[in-house]
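Visitor: I'm new here, and I'd like to know how each label gets earned. Could you show me around?

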Amino acid sequence: LTLAGVIMTTNAQAENYFENDIRAFEAADRANPPPTNAVLFIGSSTIRLWDTAQADFPDIVLFNRGFGGATCPDVLHFMDRIVIPYRPRTIVFYDGDNDLAHGRSTAQVVRDIREFVARVHDKLPATKIILLFIKPSPQRWSLADKARAVNAEIRAIADADPRVECVDVFTPMLGKDGLPRPELYVEDGLHMSPAAYRIWRDILKPYLEWG
């Protein structure tokens with residue numbers, strides 16, 4: 001598959017492409033069952049690459065189930081295997097970035113985020129969900145307006161449900177010129193540098209203590 005082919009249009013494609021990643025999570029769960037009532041980080045490579053998450057939040061029991069290249073439909077496809085069974089007290093969700101990059105509309109992304117929230121709360125009504133805004137990045141700056149539109153809808157989702165919070169990670173990653181701060185990205189202009197993850201740590205910390 002090409003990178004564009006990673007953006008799945010059918011459940012069968014998602015299963016074929018990401019099945020090894022999901023099976024690896026399931027094998028890890030069997031070997032070392034994750035704690036219940038913990039904080040689950042789920043989403044695309046922005047989450048997967050947050051290697052310092054546990055050290056960043058030493059007082060929070062958390063685990064990471066991000067998988068690179070994931071779109072919102074991919075997370076929806078696998079959530080009965082790597083979200084719902086964990087019964088987390090809080091979910092930190094980041095996705096939508098890849099969706100926009102591969103031509104999905106803002107309406108499709110918002111619809112899928114709403115579906116994620118609804119499905120979590122159907123099975124786990126007490127679970128809190130923290131929706132992270134889509135980040136800006138130099139490589140995808142042409143999509144900034146679409147990201148802002150999705151982020152506005154994420155805020156509306158949070159405003160309508162006391163079990164959902166949103167976190168603006170978009171604005172703090174911009175410089176005084178209104179453009180993404182170069183030092184917050186690695187060479188590809190897409191994935192985040194350690195400095196960016198430190199910003200996210202500081203922004204997210206109060207929300208992980210929420211409730």
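Guide: Let's begin with bends: the bend at a residue is the angle between axes fitted to the seven residues ending there and the seven starting there. Helices (H or I, at least four residues) and strands (E, at least two) are DSSP runs, numbered from the N terminus. This is a predicted model, where local features need pLDDT of at least 70 and side-chain atom pairs count only at pLDDT 80 or more, while totals for chains, interfaces and linings use all residues. Residues are numbered from 1 along each chain as its sequence is written, and side-chain values use heavy atoms, with hydrogens and water left out.

Visitor: Where does α8 have a kink?

Guide: At Asp202, where the kink is about 30°. The proline Pro206 follows shortly after.

Visitor: How do you know that the length of helix α8 agrees with what it should span?

Guide: The expected span is 1.5 Å times one less than the number of residues. Helix α8 (residues 194-208) has 15 residues, so 21 Å should be spanned, and its end C-alpha atoms are 20 Å apart, which agrees.

Visitor: Which residues of α8 are buried, and what do they pack against?

Guide: Buried means under 20% relative accessible area, exposed over 50%, and partly exposed in between (1.4 Å probe, protein chains only). In α8, the buried ones are Ala196, Tyr197, Ile199, Trp200, Leu204 and Leu208. They pack against β1 (39-43), α2 (45-48), β3 (90-94), β4 and β5 (164-167).

Visitor: Why is Ser45 called buried?

Guide: Its relative accessible area is 8%, so Ser45 falls under the 20% cut-off. Ser45 is in helix α2. Contact means heavy atoms within 4.5 Å, and leaving aside neighbours within four places in sequence, Ser45 touches Phe67, Gly68, Gly69, His191 and Tyr197.

Visitor: And why is Ile82 called buried?

Guide: Ile82 has a relative accessible area of 1%, so it too is under 20%. You'll find Ile82 in helix α4 (residues 72-82). Leaving aside neighbours within four places in sequence, its contacts are Ile22, Phe25, Leu40, Ile42, Arg65 and Phe67.

Visitor: What makes Arg140 and Asp97 a salt bridge?

Guide: A salt bridge is a side-chain nitrogen of Lys or Arg within 4 Å of a carboxyl oxygen of Asp or Glu. Here the N to O distance is 2.9 Å, so the pair qualifies. Arg140 lies in the loop between β4 (128-132) and α7 (144-159) and Asp97 in helix α5 (residues 97-101), so the pair ties together parts 43 residues apart in sequence. Both Arg140 and Asp97 are buried.

Visitor: What about Glu153 and Arg114?

Guide: Their N to O distance is 3.7 Å, so this pair also passes the 4 Å test. Glu153 lies in helix α7 and Arg114 in helix α6 (residues 106-123), so parts 39 residues apart in sequence are tied together. Glu153, at 34%, is partly exposed, and so is Arg114, at 40%. The structure holds 17 salt bridges.

Visitor: How many cavities are there, and what makes something a cavity?

Guide: On a 1 Å grid over the protein atoms alone, a cavity is a set of points where a 1.4 Å probe fits but cannot get out. The whole structure has 2 cavities of 30 Å³ or more. The largest has a volume of about 80 Å³, a volume being the space filled by probe spheres set on the points, which are joined across faces, edges and corners. Lining residues have an atom within 4 Å of a point, and for the largest cavity they include Asp97, Arg140 and Ala147.

Methods:
1 Å grid on protein atoms, 1.4 Å probe; cavity = no way out; pocket = protein on both sides within 12 Å on 5 of 7 lines; lining within 4 Å.
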